[in-house]
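Please open the model in your viewer, keep the sequence panel beside it, and follow the stops below in order.

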Amino acid sequence: MKILENVLTAADFIKLYESAGWGKKCEDIVQVSLENSYVTFAVIEEENVIGMARLLGDGGMAFYLKDFVILPEFQGKGIGKELLDYVQNYIRNQLKDGWQTKLELMSAKGKEEFYKKFGFEERPSKYLGAGMAKMIQ
């Protein structure tokens, strides 16, 4: 298994996105989204893409982890942990000495415990309000 940066194709993204049960996405919108991401990550096993993550951010104060998926048949094998560790180390390498940044995400329903293992806090919490989202058409 290896993790590669900025090689994720729209076709592989769509396959993984659908495997998570998130519906279907048009290839054109996926291509634009990939091109405008801060960085994408593809998990490769025997030349097949079995996982992905997409990072949005400003390179300083904030990063947002988007579209974090491991194919269902590969879940529970430590691959998600490896990918999340890789993403966090990638972010650390973007920062200048003494800087700190916030990594945020919206967990898929039922996956909160996975992220808690890495120190993510549910919102609302003592200091953070509820996470919010809105679809715009």
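A contact here means that heavy atoms lie within 4.5 Å of each other. With that in hand, and bearing in mind that this is a predicted model, begin with the whole chain: among contacts between residues at least 6 apart in sequence, 58% join residues at least 24 apart.

Stay with the full chain for a moment and show it as a C-alpha trace, which spans about 40 × 35 × 30 Å along its principal axes. A compact globule of 137 residues would have a radius of gyration near 14 Å, and because the chain has 15 Å, the two values agree. If you switch on the surface, the accessible area comes to about 9100 Å², with 50% of it belonging to carbon and sulfur atoms, while buried residues account for 33% of the 137 residues. Colouring by charge brings out 18 positive and 20 negative side chains, the centres of the two sets lying 7 Å apart.

Next, change to a cartoon and trace the chain from the N terminus, where the elements follow one another as β-α-α-β-β-β-α-β-α, giving four helices and five strands in total.

Now select helix 1, residues 10–19, and display its side chains: Ala10, Phe13, Ile14, Leu16 and Tyr17 are buried there. Which elements do the buried residues of helix 1 pack against? Adding helix 2 (27–35), strand 3 and strand 4 (62–70) to the selection shows these partners. Before leaving this region, step to Gly21, which follows helix 1 and has a positive phi, near 80 degrees.

The next selection is strand 2, residues 39–45, a mostly covered element in which six of the seven residues are buried. Add strand 1, residues 2–5, and you will find that it runs antiparallel to strand 2, with four bridges joining them; to place the register, centre on Ile3, whose bridge partner in strand 2 is Val43.

Keep Val43 in view and bring in strand 3, where the bridge partner of Val43 is Gly51. Val43 can therefore serve as a landmark for both pairings, since in strand 1 its partner is Ile3 and in strand 3 its partner is Gly51. Strand 3 covers residues 48–57, and its pairing with strand 2 is antiparallel over seven bridges.

Finally, move to the connection between strand 2 and strand 3, which form a hairpin with two residues between them. Select Glu46 in this turn, where phi is positive at about 50 degrees.

How values were computed: Residues are numbered from 1 along each chain as its sequence is written. This is a predicted model: local features need pLDDT of at least 70, side-chain atom pairs count only at pLDDT 80 or more; totals for chains, interfaces and linings use all residues. Side-chain values use heavy atoms; hydrogens and water are left out. Buried means under 20% relative accessible area, exposed over 50%, partly exposed in between (1.4 Å probe, protein chains only). Two strands pair if DSSP finds at least two bridges between them. The radius of gyration is taken over C-alpha atoms; the globule rule is 2.2 Å times the number of residues to the power 0.38. Accessible areas come from the Shrake-Rupley method with a 1.4 Å probe; for residues, only the protein chains shown count as cover. Lys and Arg count as positive and Asp and Glu as negative; His and the chain ends are not counted. The place of a charge is taken as NZ of Lys, CZ of Arg, CG of Asp or CD of Glu.
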